[in-house]
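Reader: I am new to this structure and would like to be guided through it. May I put some questions once it is shown?

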Amino acid sequence: MAITVVGSVAFDSIETPAGRRERCLGGAATYFSLAASYFTDVRVIAVVGEDFGPRQLAVFNARGIDTQGIERAAGKSFFWEGSYLENLNEAKTHATELNVFGAFEPKIPEAYRDSEFLFLANIDPVLQRRVREAMPNARLVAGDTMNYWIKDHRAALLEVLKGLDILLINDTETKMLAGNNNLVQAARAVLAMGPRMLVVKHGEYGATAFHGASKDGVAAKTFRAPALPLEEVVDPTGAGDSFAGGFFGYIASQSKITPATFRHAMFYGSVMGSFAVERFGTERLQQLSREEIDHRFGLFRELTHLD
Ligand code: AMP
């Protein structure tokens with residue numbers, strides 16, 4: 001099964017307690033694609049500028065990711081600068097330059113049209129919606145967003161939420177989107193906006209899936225996966241997108257989707273997030289093996305096994 005993903009493909013300048021990197025390959029769609037590529041076929045829709053060269057493209061190609069839908073335009077690629085000096089769980093954004101994404105008209109390559117799975121990674125909700133509308137036959141549609149779009153592009157974002165099966169966002173974003181500081185109440189409010197399932201990412205504390213109506217003060221169906229306690233987090237950038245790639249990639253790789261599939265997917269999401277943070281940028285995600293992934297899945301089982 002193939003996933004088509006639209007989202008940012010970017011250059012990131014990142015500062016963490018472990019050091020600083022200038023203009024490394026990043027972007028939500030980049031992290032998502034690399035993580036998902038260990039599970040299933042991935043096809044990317046994005047735009048890059050003249051600063052995106054063969055070295056960056058090779059990162060996608062080495063993982064067998066279809067890049068026909070990455071358009072090259074005159075100008076500079078999306079650029080993001082952030083730091084994690086006070087809080088490793090939440091980036092402080094210093095600069096967001098949309099550059100070529102500002103005028104992007106997404107085109108869906110013919111070969112992408114039979115994708116059964118669609119992921120709307122973090123980017124302008126207007127673009128997410130256009131791609132959603134251009135792929136009406138997708139069987140399962142998931143998406144992500146962030147505070148930048150929640151704050152100033154709310155109306156467009158609410159339209160996107162109506163077309164989603166699964167929304168994956170972090171806890172601060174969930175509370176911001178709902179205007180409610182209680183996670184369970186906020187989750188219920190977000191589910192009323194359209195998605196059938198909400199996956200809330202808690203950084204180093206794991207992720208919680210909510211679906212169905214709530215009762216007794218707890219969302220009716222709630223499932224939590226931990227994050228792996230790591231001795232060193234080098235760079236948290238892309239952990240959320242890598243979680244989404246592992247989560248959705250695993251789902252797309254399964255012939256039948258059952259409640260157990262989603263629970264396993266939450267753990268595979270955590271596995272890919274845990275790898276992403278071990279090195280700067282996409283470095284760790286570029287050179288994993290399926291054996292390493294399955295071994296780490298086993299560590300998660302041990303971490304949570306009761307009897
Ligand atoms: P995360 O998984 O949340 O750490 O996502 C990190 C990635 O999101 C970075 O590689 C950035 O290039 C990308 N990013 C940052 N801000 C935005 C934005 N406003 N829209 C789309 N992508 C962004």
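**The ligand shell and two buried residues**

Reader: Is Ala 28 buried or exposed?
Author: This is a predicted model, in which Ala 28 belongs to helix H1, residues 28-36. Beyond four places in sequence, Ala 28 touches Ser 8, Ala 121, Asn 122 and Asp 241. Buried means under 20% relative accessible area. Because its relative accessibility is 6%, Ala 28 counts as buried.

Reader: Which element gives the most residues to the shell around the ligand?
Author: At least two residues of this shell come from each of strand S2 (10-16), strand S6 (78-83), helix H4 (147-152) and helix H8 (239-253). With three residues, the element that gives the most is H8.

Reader: How much of the accessible area of the ligand does the protein cover?
Author: The side chain of Asp 12 has an N or O atom 2.5 Å from an oxygen atom of the ligand. Asp 241 places a polar side-chain atom 2.6 Å from an oxygen atom of the ligand. On its own the ligand has 510 Å² of accessible area, and the share covered by the protein is 88%.

Reader: With which side chain does the side chain of Lys 201 make a polar contact?
Author: Lys 201 is part of strand S11, residues 197-201, and counts as buried because its relative accessibility is 9%. Its contacts beyond four places in sequence include Leu 168, Asn 170, Gly 240 and Phe 243. At 3.4 Å, the side chain of Lys 201 makes a polar contact with that of Asp 144.

Technical notes
Residues numbered from 1 in each chain as written. Predicted model: local features only at pLDDT ≥ 70, side-chain atom pairs only at ≥ 80, totals over all residues. Heavy atoms only, no water. Helix = DSSP H or I, 4+ residues; strand = E, 2+ residues; numbered from the N terminus. Buried < 20%, exposed > 50% of the residue type's maximum accessible area, 1.4 Å probe, protein only. Polar contact = N/O pair within 3.5 Å; in protein donor to acceptor, adjacent residues only side chain to side chain. Contact = heavy atoms within 4.5 Å. Areas by Shrake-Rupley, 256 points an atom, 1.4 Å probe, with all protein chains shown as cover.
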